[in-house]
Amino acid sequence: MAKTKKGKASKGGKKKGGGFAMKLLGFLMLIVGLIFLPSSTLLAAGLVPTMIAYLTDSDRRKTSAISVGTLNLCGVMPFEIKLWEGANTMAACGQMLRNPETWAVMYAAAVVGAVIYYTIPPIVGGLIALQSQARLNDLQRRQAELREAWGDEVAGSVRALAQARAAKATRAAA
């Protein structure tokens, strides 16, 4: 029995899930969500793409969820503000959620976030590759200039050194 406890303790280490602090935070968020029910309902409905991005993102840092979520939140906020400025009731929230333009704006903003997430990294990678290739071409050009000015010995290649030594030996022998 002592062995199994010892084995479990060594494997366990840190607990995943957060424990009491996470449960307390979840409980407080539930209470605040119930107090501000119209706002939290609109927010929950509008941020569905963010939740899906979070659940489907395999990256440890959740970069897809961050990209989609920030722009999705930007798409939801005008309607939240409109709800706060007017009658902050479930009827007003329901009226907004019945309007297709509300859904289109909220979800289109999430789509823009996804487009940014999937298009920007390849563009940046291509630009870095072009920059690296230009640097390589410049270094090769400078190396050729040095070879021309100082000979192949400066290139640092073993083959060039061996050829230079062989040429020097044949000149000395002749």
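How many helices and how many strands does the protein chain have? In this predicted model, the chain has eight helices and zero strands. Followed along the sequence, its pattern reads α-α-α-α-α-α-α-α. Of the 174 residues in the chain, 20% are buried. If you like to think in contact maps, take the contacts between residues at least 6 apart in sequence: 63% of them join residues at least 24 apart.

**Helix α5**

Let us start with helix α5, which covers residues 63-85. With 23 residues at 1.5 Å a residue, α5 should span 33 Å, and its end C-alpha atoms are indeed 33 Å apart, so the two values agree. The helix does have a bend, of about 30° at Val76. A proline, Pro78, follows within four residues of that position.

Val76 is also one of the buried residues of α5. The others in that list are Ser64, Ala65, Ser67, Val68, Gly69, Asn72, Gly75, Phe79, Glu80 and Leu83. What covers these buried residues? Among the elements that do so are the helices in this table.

| Helix | Residues |
|---|---|
| α3 | 37-46 |
| α4 | 48-56 |
| α6 | 90-98 |
| α7 | 100-150 |

**Where α5 meets α6**

The axes of α5 and α6 come within 10 Å and cross at roughly 145°. The crossing is right-handed. On the α5 side, the contact is made by Phe79, Lys82 and Leu83, while α6 brings Ala92, Cys93 and Met96. By character, these residues divide into five nonpolar, no polar and one charged. Two of the α5 participants, Phe79 and Leu83, are also among the buried residues of that helix.

**Two residues to look at**

Just ahead of α5, in the loop between α4 and α5, sits Lys62. Is the phi of Lys62 positive or negative? Its phi is near 55°, a positive value in a residue other than glycine. For context, most residues other than glycine have a negative phi.

The other residue is Gly33, placed in helix α2, which runs over residues 20-35. Is Gly33 buried or exposed? Its relative accessible area is 15%, and because buried means under 20%, Gly33 counts as buried. Gly33 and Leu43 are 10 residues apart along the chain, and their C-alpha atoms are separated by 9.9 Å.

Terms used: Residues are numbered from 1 along each chain as its sequence is written. This is a predicted model: local features need pLDDT of at least 70, side-chain atom pairs count only at pLDDT 80 or more; totals for chains, interfaces and linings use all residues. Side-chain values use heavy atoms; hydrogens and water are left out. Axes are lines fitted to C-alpha atoms, for helices over the stretch in contact, and angles run from 0 to 180 degrees between N-to-C directions. A crossing is left-handed if the near helix is turned anticlockwise from the far one by less than a right angle, and right-handed if clockwise. Contact means heavy atoms within 4.5 Å. Ala, Val, Leu, Ile, Met, Phe, Trp, Tyr, Cys and Pro count as nonpolar, Asp, Glu, Lys and Arg as charged, and the others, Gly among them, as polar. The expected span of a helix is 1.5 Å times one less than its number of residues. The bend at a residue is the angle between axes fitted to the seven residues ending there and the seven starting there. Buried means under 20% relative accessible area, exposed over 50%, partly exposed in between (1.4 Å probe, protein chains only).
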